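User: I would like a close look at one part of this model, the helix. Please describe how it sits against the rest of the chain, and take the surroundings one piece at a time.

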Amino acid sequence: HRGITKYMVEVGGEIVVIKNIPAWVCDLCDEAYITPEVSEKIDEIMKAFRSGKLLAKPIAAGQVELTMSA
């Protein structure tokens, strides 16, 4: 079904979140699939962010590391 998703990535120690991305969402597992056009738009946003041309709103975030016992 049509829905929305978000994209999160770490860039230079900062977390970037792009919200409200239109996507096709699987009814069984909720995995989101985006179109090539949406992917290109995300690439444009990330290029602008990396070049310092995009002002991103700061958000609070927590960080937890996964540790595995032997």
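Analyst: In this predicted model, the residues of α1 that are buried are Val 38, Ile 42, Met 46 and Phe 49. Viewed down the axis of α1, these buried residues fall within an arc of 80°, so they line one face of the helix. The face turned away from that buried side carries exposed residues, namely Pro 36, Glu 37, Glu 40 and Lys 47.

The helix itself covers residues 36–50, which makes 15 residues. From its first C-alpha to its last, α1 reaches 21 Å, close to the 21 Å expected at 1.5 Å a residue. After α1 comes Gly 52, which has a positive phi near 80°.

Next, what lies over the buried face? The cover on the buried residues of α1 includes β1 (2–11) and β2 (14–25). The helix lies across these two strands, and its direction is at about 170° to that of β2. Met 46 gives a detailed view of this contact: leaving aside residues up to four places away in sequence, Met 46 touches Tyr 7, Val 9, Val 11, Val 16 and Ile 18.

The buried residues of the helix also belong to a wider group. The largest nonpolar core has eight residues: Val 11, Val 16, Ile 18, Ile 21, Val 38, Ile 42, Met 46 and Phe 49. Both β2 and α1 supply at least two residues of this core. The largest contribution comes from α1, with four residues.

The strands under discussion form an open sheet of three, in the order β1-β2-β3, with antiparallel pairing. At the edges stand β1 and β3 (32–33), each with a single partner strand, so one side of each has no neighbour in the sheet. As a general point, strands of a sheet pair through backbone hydrogen bonds, either parallel or antiparallel.

The pairing of β1 with β2 is antiparallel and consists of nine bridges. Two examples show how the residues line up: Ile 4 has Pro 22 of β2 as its bridge partner, and Glu 10 stands opposite Ile 15 in β2. The hairpin made by these strands has two residues between them, and in this hairpin Gly 12 takes a positive phi near 55°. Although β1 helps to cover the buried residues of α1, the number of buried residues among the ten of β1 is one, so β1 lies largely in the open.

On the other side of the sheet order, β2 is joined to β3 by two bridges, and these strands also run antiparallel. Here Val 25 stands opposite Ala 32 in β3. Six residues lie between the strands in this hairpin, where Asp 30 takes a positive phi near 65°.

Finally, there is the chain beyond the helix. Gln 63 is found in the segment after α1. With a relative accessibility of 74%, Gln 63 counts as exposed, because the cut-off for exposed is over 50%. Gln 63 and Glu 10 are 53 residues apart along the chain, and their C-alpha atoms are separated by 12 Å.

To put the helix back in its place: one face of α1 holds its buried residues, β1 and β2 are among the elements that cover them, and the face turned away carries exposed residues, including Glu 40 and Lys 47.

Key: Residues numbered from 1 in each chain as written. Predicted model: local features only at pLDDT ≥ 70, side-chain atom pairs only at ≥ 80, totals over all residues. Heavy atoms only, no water. Expected span 1.5 Å × (residues − 1). Buried < 20%, exposed > 50% of the residue type's maximum accessible area, 1.4 Å probe, protein only. Arc of directions from axis to C-beta. Contact = heavy atoms within 4.5 Å. Core = buried A, V, L, I, M, F, W, Y, C linked by side-chain atoms within 4.5 Å. Pairing = 2+ DSSP bridges. Axes fitted to C-alpha atoms, helices over the stretch in contact; angles between N-to-C directions.
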